[in-house]
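Please go through the points below with the coordinates open. They concern one sheet and a pair of backbone angles.

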Amino acid sequence: MRTLLITGPGGSGRTTTAAATALTAAREGARTLLLGTDRTDTLGPVLGDEATPRLTVRRVDPDADFRADLAALQERAASALDLLGASRLDPEEIAPLPGAEELAILRALRDAALSEDAYDLVVVDLPPTPRALSLLALPEELRRYLRRLLPPERQAARALRPVLGRLAGVPMPAEWLYGTAARLDLQLAAVEAVLADPGTVVRLVAEPGPAGADAVRTAALGLALRGLRADALIATRVLPESDADGWLAGPVAQQRKTLEEWCESYDVHPVAHLGRDPRGTDDLTALAVPGAGTGPGGATRWPVEDRLAGDGVLVWHIPLPGAHRDELDLIRRGDEVVVTAGPFRRIVPLPSALRRCTVAGAALRENELRIRFRPDPGLWPRTR
């Protein structure tokens, strides 16, 4: 199964592109699930009422998911709540908290990948790019927080927790808390597996022009820092060259210039402006948006180059297309490095070999951050 994550700036035609992509794939014979993530049904008006064979449309309902999660949590923590004299929350008074929508989307992505319905393709209409990048970063970041706050190795000593609690003078975390953390970690790991799968790709959508070019550069940088790749760039609302007269001459020339720049770095698919907002399957067909594609997806490689024989260093290559030197920051903290690129930051565990090294420098070359590591004599294995 392939998973196609579609995102772009707000107002770029992201939802329309997702619907057109799913429609094309279904008509090409793929059993396709189109997953909408907006709170309102934006896919419905775009697709219209006509049913398409092999195409299933589903919308994420974060309100229902949050109520179900909270009800389950109250049930598991019933004894603790009773001990504290806390009153239960009724489903009718539960309103989703910030972050509930993102978690609901991640769960829907995981469920779609593990579904028994045997879809060939899952097309996900992600939120606009800034929110989409935060959402894609969430599984890794939450798992890191869980490991720091509730280390799994401490759960093995649960028989000693009452004794440790008396010695420390503070209560130790209850069994249900470790159990909840373990379940959440397992769910997040499943989402991470979907994102890292070779069948998962991200497709960017943008309208050619200065604003679209800036948005695409930022999105590509954010995806690269997460180790994700974009399989294509859909350039929407492209004006015909025949309109390059009068007041449209400026916008047409502007679009042409941006498209030429994009074609140097991306697999660009121009989508013509219909002169109206696309509605219904006929309009979506007229857009001629490509289907799923067959290019490689999943996480990109961050290779470690061995230059010990010649230069005495190991070089870690981190692809960061579009990054500027003055936007980069790098901090080593224990066995992790904190990489900041523009508005994005990621805390990455060091490969095992690099943990026995010290940082000897870093440079941005050919759209790559290249970090040099020199073996620490006190930690590096000695050779005869």
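1. Two strands count as paired if DSSP finds at least two bridges between them. The model is a predicted one. In it, β8 and strand β9 (residues 313-319) are joined by four bridges and run in the antiparallel sense. Within this pairing, V304 stands opposite W316 in β9.

2. How many strands make up the open sheet, and in which order? There are four, arranged β8-β9-β14-β13, and the pairing is antiparallel. The edge positions are taken by β8 (304-307) and β13 (357-365), each of which pairs on one side only. On average, neighbouring strands of this sheet are turned by 25 degrees against each other, with direction ignored.

3. R237 should be checked for its backbone geometry. Its phi is positive, at about 55 degrees, although R237 is not a glycine. The residue is found in strand β6 (residues 230-238). Is R237 buried, partly exposed or exposed? Its relative accessibility is 27%, and buried means under 20% while exposed means over 50%, so R237 counts as partly exposed.

4. N367 also deserves a look at its phi. The value is near 65 degrees, which is positive in a residue other than glycine. Where does N367 lie? It is in the loop between β13 and β14 (368-375), and those two strands sit next to each other in the sheet order β8-β9-β14-β13. With a relative accessible area of 45%, N367 is partly exposed.

Notes:
Residues are numbered from 1 along each chain as its sequence is written. This is a predicted model: local features need pLDDT of at least 70, side-chain atom pairs count only at pLDDT 80 or more; totals for chains, interfaces and linings use all residues. Side-chain values use heavy atoms; hydrogens and water are left out. Axes are lines fitted to C-alpha atoms, for helices over the stretch in contact, and angles run from 0 to 180 degrees between N-to-C directions. Buried means under 20% relative accessible area, exposed over 50%, partly exposed in between (1.4 Å probe, protein chains only).
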